[in-house]
Amino acid sequence: MNKTNNIRVRIAPSPTGFFHIGTARTALFNWLFARKHGGAFIVRIEDTDRERSKAEFEVDITESLEWLGLVPDEFYRQSERTEIYKKYLEKLLKERKAFYCAHSIEELEQESERQKKAGQVPCHLCDDRDARITEGIIRFKNNETDAIIIGDLIRGEIRFDPRLIGDFALARNLEEPLYNFANTVDDREMDMSHVIRGEDHISNTPKQILVGRALGFTQPRWTHVPLLLGSDRSKLSKRHGALAVREYRAQGYLPEAMLNFVALLGWHPPAGKRGEREREVFSRDELIELFSLERIQKAGAIAEMQKLDWFNREYLKKLSDKEFIDRAAPFISSPEGKRVPKELLPIFKKRITRLSDVDQEIRSIINLSDYEAGVLLKGDREGAHVCMIIDTILNILSRIDPQKFSGVTAREALDPLVKKEGIGSVLWPLRASLSGKEVSIGPFELVDILEKDEVVRRLIVARNKL
RNA sequence: GGCCCCAUCGUCUAAUGGUUAGGACAACGCUCUUUCAAGGCGUAAAUACGGGUUCGAUUCCCGUUGGGGCCGCCA
């Protein structure tokens, strides 16, 4: 397909764990950049480590991306490209830019220990580099002495001393390439214009530049985005709690909320007018419109999940009742939840953080747990009076035909009493009796969910507490 | 330890030499209200420190301190 320009970007996840929010953000930045410039967004599964790569994780990556709406234009798997790597490996070997190293892992570990003790960077300058053996692993013959300069689009020039890198590993053998090599080959083969990846890769970049030079590749533009951090400011990892996108999906976070949340972690659109409330809720299209690499932050960002909760509530509130029902219904799993007509679900729309909260709420309404009489008397209510009110409510509601019993008919029937006693004096005891809680959905919404017999039963229970 | 990166409210950030240093989340308060939530209004809260440059530094330079990342036959 002909593109109007040659912007091509990718994410290169390894299927060794579930797709997590850090990867989601890197994916989003790449995707936004591609969409903004009419370029291509590519997903490349880096599964060269056969031991640790699992099909299950690859499925999770593709499903999570699809859920977020970050659908790739092209998709590759490194395990299917062995011949390509082999070709380049043979070329490097033939040109003596790479060599076989027969040192054992134990030998290398000892060397590394020695170097660390001597206060040096552990790096292996191999004495096999000109030995012309054909056993062991394949290493890059690093003869570079001039500083390697990364022209990073966010950080400017970053300089590395290549003598500190040593003869780094390229492949276990001709059939088993390693990260720095396979990654470099693919970025060229797939014609990547930019490499937008996490800051934790900065120290890999000089190695990849070296490989690229040896192979005569043109370099992509490097862009290292800051890391997502846990609350202790260290790189986000499992010990910081839920990370996998699938977990948030399962709890009923909306993909648009998730996207909006991660977009604003380390990136921000240009300032609005001074003094004006600055908007933070942006649609996908708005993000594409506003996005630019230059506005990505340099410092790492702590992923504070309270903000995600807020975004989710915002997006939930914006849903129409019909959309809300469609989205919430799959999260209704309990028998209690299934008894409630779907049309009533929007009652919870402005009260929940995640879609899975609806089921929880319904269960706690239907399974009334015991409560203190104080709940009925909150706000200096007089016991005898509340008791009288409940009796009166009981009387009025009992007379409603069970067939016609609903929030609407209950409201009509109680209207005279409400007018006489005041809204709070009637509705608080009613609501508290039906929910057993100080905080709940409204009294007539409760009436809608509960059968007449149950409403009557709960009112009697309440009265007997007083 | 070596190399590299970074530094504005608790958190995410705005302000690219001139602002009463702005907004959002969270917190707290008030208001609305039958409660809670939602909504509205408001309060508290930051330029890490020290030197320069400049008429003037959040902003530019240097240093210090602090934090982080990487140092694999993982990616």
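UniProt annotations may be inferred rather than shown by experiment. In the predicted model described here, the unreviewed UniProt entry places a short sequence motif, the 'HIGH' region, at residues 13-23. The C-alpha atoms at the two ends of residues 13-23 are 8 Å apart. Helix accounts for 27% of this span and strand for 0%.

A four-stranded open sheet is formed in the order β4-β5-β8-β9, and its pairing is antiparallel. Strands β4 (98-101) and β9 (176-177) are the edges of the sheet, each being paired on one side only. Helix α3, residues 82-94, packs on this sheet and touches β4, β5 (137-140), β8 and β9. The direction of α3 makes an angle of about 95° with that of β4. At the β9 edge, two bridges connect β9 with β8 (residues 169-173) in the antiparallel sense. Within this pairing, Ala171 is opposite Pro177 of β9.

A parallel pairing is found between β10 (residues 194-198) and β11 (residues 221-225), which are joined by five bridges. Val195 is positioned opposite Trp222 of β11. Strand β10 is mostly covered, with four of its five residues buried.

The surface near RNA strand B comprises 67 residues, of which Glu46, Tyr179, Ala271, Ala299 and Gly424 come nearest to the RNA. By class, the residues of this surface are 26 nonpolar, 23 charged and 18 polar. At least two residues each are supplied by α4 (105-117), β7 (156-160), β8, β13 (301-302), α10 (305-318) and α17 (423-435). The greatest contribution comes from α17, which gives five residues. Strand β8 thus appears both among the elements that supply this surface and in the sheet order given above.

Individual positions were examined for burial and for contacts between residues distant in sequence. Gln208 is located in helix α6, residues 205-214. Gln208 is classed as buried because 23 C-beta neighbours lie inside 10 Å, the threshold for burial being 20 or more. When residues up to four places away in sequence are left out, Gln208 touches Asn180, Asn183 and Thr184. For the pair Gln208 and Thr184, the sequence separation is 24 residues and the C-alpha to C-alpha distance is 5.7 Å.

Lys238 is covered by a "binding site" annotation in the unreviewed UniProt entry. Lys238 is placed in the loop between β12 (228-229) and α7 (245-251). The residue counts as exposed because Lys238 has 12 C-beta neighbours inside 10 Å, and exposure is assigned at 12 or fewer.

Leu344 is situated in the loop that lies between α12 (335-339) and α13 (356-366). With 15 C-beta neighbours inside 10 Å, Leu344 is therefore assigned to the partly exposed class. Not counting residues up to four places away in sequence, the contacts of Leu344 are Asp448 and Ile449. Leu344 and Asp448 are separated by 104 residues in sequence, while their C-alpha atoms are 8.1 Å apart.

Terms used. Residues are numbered from 1 along each chain as its sequence is written. Chains are lettered from A and ligands numbered from 1 in the order in which they are written. This is a predicted model: local features need pLDDT of at least 70, side-chain atom pairs count only at pLDDT 80 or more; totals for chains, interfaces and linings use all residues. Two strands pair if DSSP finds at least two bridges between them. Two residues are in contact if their C-beta atoms, placed from the backbone, lie within 7 Å. Axes are lines fitted to C-alpha atoms, for helices over the stretch in contact, and angles run from 0 to 180 degrees between N-to-C directions. A residue is near a molecule or strand if its C-beta atom, placed from the backbone, lies within 6 Å of it. Ala, Val, Leu, Ile, Met, Phe, Trp, Tyr, Cys and Pro count as nonpolar, Asp, Glu, Lys and Arg as charged, and the others, Gly among them, as polar.
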